[in-house]
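Visitor: Please put the model up and take me through it, starting with how you name its parts.

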Amino acid sequence: MASLDLILLLFIIIISSLHVLPASATSADKLKTATTIRKVNRKGPYVGLVTVIETEEDAFLDSVEFRPDPNHPFIDLSGRRFRIGKIHGKNVMYVRCGRGMVNAAAATQQMIDLFDVKGIVHFGIAGNINNSMSIGDVSIPNQITNAGLWDWLNPDKAEGGDDEAYLDIGNYNVPERDGNNNMLGSLGYGHEQLYSVTGHINSPQNVFWINTTREWLHLAADLEKMELLQCVNASLCLPEKPKLVVGLKAATANIFVDNAVYRDFLYDTFEVSSSDMESSAVAMTCVSNGYPVIVIRGLSDLAGAQTGTNAIRKFGSLAAANTAKAVLEFIKKLPSNYNVNS
């Protein structure tokens with residue numbers, strides 16, 4: 001009976017793999033890819049690593065700690081390259097998802113569905129929302145919100161509904177006039193609907209904050225002592241040594257924040273320290289599926305609080321390098337079986 005169960009399981013894995021492969025691929029190509037996925041999974045489990053853009057990927061892959069698998073260094077799926085290898089002797093599965101929340105959720109779900117991963121480490125760069133933090137610092141948040149789920153309300157719509165917070169656009173008129181009325185009205189910040197393996201079927205929970213995995217945050221606490229890079233090169237350095245902080249809050253939206261007033265609103269209203277375009281999507285996908293998740297973000301710019309041009313072009317590579325250093329140190333601290341409950 002046990003052998004029949006195993007055969008049935010393998011059949012299900014093959015069929016499932018075929019369904020997520022491109023429709024344009026031939027049956028032979030699909031079967032070959034599904035067979036490769038099974039071979040890769042036999043060497044698992046893996047720590048899943050999800051980053052976003054090339055700058056972050058370059059910083060990660062330039063690390064001498066990442067050693068590609070000699071037999072199956074990568075698998076290409078849905079236009080993305082899933083890289084297989086080891087860091088500090090531990091199995092890792094890496095993918096660059098691309099900008100935005102849809103890309104982030106799609107790549108994370110695909111990794112969870114197809115590969116034997118035991119948790120996801122999401123990393124990249126972010127805008128700095130907190131004046132006590134600086135460019136080059138690294139934040140590992142314990143809570144993340146989707147700050148782009150809005151109810152856009154008419155000017156005569158009273159606040160006090162079901163939204164978590166409100167931004168009254170009229171409060172930012174320059175010059176002030178007409179009692180701060182503005183035809184753009186106000187924005188209400190709404191809640192996500194979280195479907196999860198621990199919840200009731202078709203009964204999502206309304207949540208504003210997604211929590212990252214407590215046990216992984218405890219492991220990351222020691223990283224606050226690590227040394228981070230201060231210089232891009234010999235002629236371009238930060239005025240102070242960067243630091244790593246665990247336990248702050250982060251905001252995500254399909255918006256690149258480069259506006260000082262909106263930056264202040266985010267901090268004053270939600271007490272977030274960083275802003276990016278993917279983290280809450282990765283975290284929510286992991287929580288929905290019951291997988292551990294941690295987010296590691298290096299601060300590349302001041303999200304609009306700067307004088308002149310945004311600093312991301314000057315210091316983005318430094319922020320990415322510091323993030324990669326933190327990711328490598330975190331992986332070193334993970335237990336060998338990655339069996340951590342969220």
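Guide: The helices and strands I mention are DSSP runs, helices being H or I with at least four residues and strands E with at least two, and they are numbered from the N terminus. Please keep in mind throughout that this is a predicted model.

Visitor: OK, then where does Ala 303 sit?

Guide: Ala 303 is placed in the loop between β20 and α8, the latter covering residues 312-333. Although Ala 303 is not a glycine, its phi is positive, at about 55 degrees.

Visitor: And is Ala 303 buried or exposed?

Guide: Ala 303 is buried, because its relative accessible area is 0%.

Visitor: Which residue other than glycine has a positive phi near 55 degrees in the loop between β12 and β13?

Guide: That is Asn 202, whose phi is near 55 degrees, and which lies in the loop running between β12 (192-194) and β13 (205-207). Asn 202 has a relative accessible area of 65%, so it is exposed, whereas Ala 303 is buried.

Visitor: Switching to peptide bonds, which residues does a cis bond join?

Guide: One cis peptide bond joins Gly 44 and Pro 45, with omega at about 5 degrees, and Pro 45 belongs to the loop between α2 (27-42) and β1 (46-51). The bond from Val 174 to Pro 175 is also cis, its omega being near -5 degrees, and Pro 175 is found in the loop between β10 (165-168) and β11.

Visitor: Let's do aromatics. How many pairs are there?

Guide: With ring centres required to lie within 6.5 Å, the count comes to 14 aromatic pairs. One of them is formed by Trp 150 and Tyr 189, with 6.2 Å from centre to centre and 70 degrees between the planes.

Visitor: Why is that pair called edge-to-face?

Guide: The planes of Trp 150 and Tyr 189 are 70 degrees apart, and the pair therefore falls in the edge-to-face class, which takes angles over 60 degrees.

Visitor: Which parts of the chain does the pair link?

Guide: It links distant parts, since Trp 150 is in strand β9 (residues 150-153) and Tyr 189 in strand β11 (residues 186-189), 39 residues apart. Trp 150 has 31% relative accessibility and so counts as partly exposed, while Tyr 189, at 0%, counts as buried.

Visitor: How do Phe 208 and Trp 209 pair?

Guide: Their ring centres are 5.5 Å apart and their planes are at 85 degrees, so this pair is edge-to-face. Phe 208 counts as buried because its relative accessibility is 7%. Both residues are part of one aromatic cluster, which also includes Trp 150, Trp 152, Tyr 189, Tyr 262, Phe 265 and Phe 270.

Visitor: Which charged residue lies over the face of Trp 209?

Guide: Lys 249 does, at 4.6 Å from the ring centre. Elsewhere, Arg 81 lies over the face of Phe 74, at 3.7 Å from the centre of that ring.

Visitor: Pockets next. How much space is in the second largest one?

Guide: The second largest pocket holds about 270 Å³ of space. It is lined by 19 residues, and the closest to its centre are Arg 99, Ile 125, Phe 256, Met 277 and Ile 312. The elements that contribute two or more residues to this lining are β6 (117-128), β19 (274-276) and β20 (293-301).

Visitor: What's the chemistry of that lining?

Guide: The lining of the second largest pocket divides into 10 nonpolar, 3 polar and 6 charged residues.

Visitor: How does the span of helix α4 compare with what its residues should give?

Guide: Helix α4 (residues 101-114) has 14 residues, which at 1.5 Å a residue should span 20 Å, and since its end C-alpha atoms are 20 Å apart the two agree. The buried residues in α4 are Met 101, Ala 104, Ala 107, Thr 108, Gln 110, Met 111, Ile 112 and Leu 114.

Visitor: Last one: how far apart in space are Asp 258 and Leu 302?

Guide: Their C-alpha atoms are 7.7 Å apart, although 44 residues separate them in sequence. Asp 258 lies in the loop between β18 (249-252) and α6 (260-270), and with 38% relative accessibility it counts as partly exposed. Another such pair is Leu 194 and Val 287, 93 residues apart along the chain, with 8.5 Å between their C-alpha atoms. Leu 194 is in strand β12 and, at 9% relative accessibility, counts as buried.

Note on methods:
Residues numbered from 1 in each chain as written. Predicted model: local features only at pLDDT ≥ 70, side-chain atom pairs only at ≥ 80, totals over all residues. Heavy atoms only, no water. Phe/Tyr/Trp six-rings, centres within 6.5 Å; stacked < 30°, edge-to-face > 60°. Buried < 20%, exposed > 50% of the residue type's maximum accessible area, 1.4 Å probe, protein only. Lys NZ or Arg CZ within 6 Å of the ring centre and 35° of its normal. 1 Å grid on protein atoms, 1.4 Å probe; cavity = no way out; pocket = protein on both sides within 12 Å on 5 of 7 lines; lining within 4 Å. Points joined across faces, edges and corners; volume = space filled by probe spheres on them. Nonpolar A, V, L, I, M, F, W, Y, C, P; charged D, E, K, R; others polar. Expected span 1.5 Å × (residues − 1).
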